[in-house]
Amino acid sequence: MFISLQNKRISVRAVENLVKKFAQIASPLKKISPHKLRSTFGTNLYRETKDIYIVADVLGHKDVNTTRKHYAAINEDMRKSVANVLQLRKNEE
């Protein structure tokens, strides 16, 4: 995914260093890693699509249960949000 100026793949460590360098500039108080970026991407994708299978595929998880485990809290947040909306509508009637 990451190519050097010589059109060769850069190492994992080089990617970590690049993320650390630019994350420090963008947000000096937060510790941002490649894993955190991947996790944030997965979370945002799930919130947008509501499709755990798409997220699992994009993140390269062979077993969708791995993805479910990481995004179970988001599912619970969605359920609570829907319950709140339904309760508000019921109270308006």
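Here is a short walk through the model, one selection at a time.

What you have open is a predicted model, where local features need pLDDT of at least 70, side-chain atom pairs count only at pLDDT 80 or more, and totals for chains, interfaces and linings use all residues. Residues are numbered from 1 along each chain as its sequence is written, and side-chain values use heavy atoms, with hydrogens and water left out.

Start by selecting residues 12–26, which make up helix 1. (Helices are DSSP runs of H or I, at least four residues, numbered from the N terminus.) Now colour Val15, Val19 and Ala23: these are the buried residues of helix 1, buried meaning under 20% relative accessible area, exposed over 50% and partly exposed in between, with a 1.4 Å probe and protein chains only. They cover an arc of only 60 degrees around the axis, so they sit on the same side of helix 1; the arc is that of the directions from the helix axis to the C-beta atoms. Swing round to the other side of helix 1 and you'll find Arg13, Lys20 and Ile25 exposed.

Next, select 34–49. This is helix 2, and the buried residues of helix 1 pack against it.

Then add residues 52–59, helix 3, which packs with helix 2 at an angle of about 150 degrees, their axes 9 Å apart. Axes here are lines fitted to C-alpha atoms, for helices over the stretch in contact, and angles run from 0 to 180 degrees between N-to-C directions. Among the residues making the contact (heavy atoms within 4.5 Å) are Phe41 and Leu45 of helix 2 and Val55 and Leu59 of helix 3.

Last stop: aspartate 51, in the loop between helix 2 and helix 3. Aspartate 51 is partly exposed, at 27% relative accessible area.

Note on methods. Helix = DSSP H or I, 4+ residues; strand = E, 2+ residues; numbered from the N terminus. Expected span 1.5 Å × (residues − 1).
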